[in-house]
Structure formats: C-alpha cells, structure tokens
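Please look through the model below before reading on. This report covers its helices, its charged pairs and part of its surface.

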Amino acid sequence: MVLAVIVFLGQLSMVLMRYLLGFGFLEIQDAVNYAFASLVALSVAVSFEADKHVRVDVFRQRLTETANRRIDWLGDMVLALPVFVIMLWMAYPLVRSSWAIFEGSPETGGLPGLFVVKTCLLILPALVVWLTLARVIGFFRRDAS
C-alpha cells in the first residue's frame, strides 16, 4: 500500500507541477517509476497467494473440488514452477551486475538505487516458487488425510 501511495501522490504532484507551475523534478518521476515497478512485481506474488490471479475458469464450475485441485496442481507443476524457476535463474546475473555497480537511474540527475528495484526480479520468482511448493505440499497433505 505504501508503494501505491507513492505512485499516486508522486504522479499527482508531477502533473500539478508540470502543468500548473511549468517545471518538474526528475527525482519524483524516478521515484514514481521505481515504486510502480516494485508494486507490479511484488503484487504478483500477493495475488498468486490469495488465489486471485487471472485464469480462465470455463469448466471449473462444473468440476468437483478434487478435480479442480488436481488441475491447480498440474498448472503449478507444469506452468508456474518451471516459468518462475527460469525467471529466477535468468534474472540473477542481471541483478548481480546491477548490485556490483550500484546501478542508478538511466537519466542524468535521476535517483540512485535502481539496483534495489531490480532486486524485485529475484524476489518475485522466489516468492512464487515458494508459494507454489507450499501449495503442492498442501495438495499432498490433503490427499493423505
């Protein structure tokens, strides 16, 4: 929620300054961009955990709870787990090199700290992989009981 407030207030102040006062600050624009990127990346894991992610439920209402759980398990194993493991694997060198140079804004005079935002590229897949594994383990625990 803090990131959403930063995005809203930062964007509002940027628009008001630019169109009413005739000037703006690159730092505010970078702060809004950093907050928005972090918000989008971290909200994926939150929506995945709350089971509010996008899916097409054409047949879901007609199937039993057990069938739906098995389909969810199959989707987790075939789609979510491999995709986010690959994402974690591919993002690591990018984030590592970003931290090595303490990468900042690509704009001259922008905010430092882009390396912190890029760390979300590791946090996002790590959280989703962890949540997926927890769901898979939970599936087996429910089947055992």
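The text below describes a predicted model, going from helices to charged pairs to the surface.

**Two helices**

Helix α2 covers residues 26–49 and helix α3 covers residues 65–100; the table lists their spans and bends.

| Helix | Residues in helix | First to last C-alpha | Expected span | Bend |
|---|---|---|---|---|
| α2 | 24 residues | 35 Å | 34 Å | about 25 degrees at Ser43 |
| α3 | 36 residues | 48 Å | 52 Å | about 40 degrees, centred on Asp76 |

In both cases the reach is close to the expected value. Just past these helices come residues with positive phi: Asp51 follows α2, with phi near 60 degrees, and Phe102 follows α3, with phi near 45 degrees.

Parts of each helix are covered. The buried residues of α2 include Asp30, Tyr34, Ser38, Ala41, Ala45 and Phe48. In α3, Asp72, Asp76, Ala80, Phe84 and Ala91 are among the buried ones. An α-helix has 3.6 residues a turn, so residues three or four places apart point the same way.

**Ala80**

Ala80 is a residue of α3. Ala80 counts as buried because its relative accessible area is 10%, and the cut-off for buried is under 20%. Leaving out residues up to four places away in sequence, Ala80 touches Phe48, Gly75 and Thr132. Ser98 is 18 residues from Ala80 in sequence, and their C-alpha atoms are 26 Å apart.

**Salt bridges**

How many salt bridges does the structure hold? There are two. Side chains of opposite charge can pair when their charged atoms come close.

One joins Arg135 to Asp76, with 3.1 Å between the closest N and O atoms. Arg135 belongs to helix α5 (residues 120–144) and Asp76 to helix α3, so this pair ties together parts 59 residues apart in sequence. Asp76 is buried at 6% relative accessible area, while Arg135 is partly exposed at 25%.

The other joins Glu103 to Lys118, where the closest N and O atoms are 2.9 Å apart. Glu103 sits in the loop between α3 and α4, and Lys118 in helix α4 (114–118), so the pair links parts 15 residues apart in sequence. Glu103 is partly exposed at 22% relative accessible area, and Lys118 is buried at 18%.

**A nonpolar surface patch**

Nonpolar residues also form a patch on the surface: Val5, Phe8, Leu9, Leu12, Leu16, Leu20, Leu21, Phe23 and Phe25. Together they have about 900 Å² of accessible area. Leu12 lies in helix α1 (residues 2–21) and is partly exposed, at 40% relative accessibility.

Conventions. Residues are numbered from 1 along each chain as its sequence is written. This is a predicted model: local features need pLDDT of at least 70, side-chain atom pairs count only at pLDDT 80 or more; totals for chains, interfaces and linings use all residues. Side-chain values use heavy atoms; hydrogens and water are left out. Patches are made of residues with over 30% relative accessible area and no salt bridge: like charges are joined within 9 Å, nonpolar side chains (Val, Leu, Ile, Met, Phe, Trp, Tyr) within 5 Å. Accessible areas come from the Shrake-Rupley method with a 1.4 Å probe; for residues, only the protein chains shown count as cover. A salt bridge is a side-chain nitrogen of Lys or Arg within 4 Å of a carboxyl oxygen of Asp or Glu. Helices (H or I, at least four residues) and strands (E, at least two) are DSSP runs, numbered from the N terminus. Buried means under 20% relative accessible area, exposed over 50%, partly exposed in between (1.4 Å probe, protein chains only). The expected span of a helix is 1.5 Å times one less than its number of residues. The bend at a residue is the angle between axes fitted to the seven residues ending there and the seven starting there. Contact means heavy atoms within 4.5 Å.
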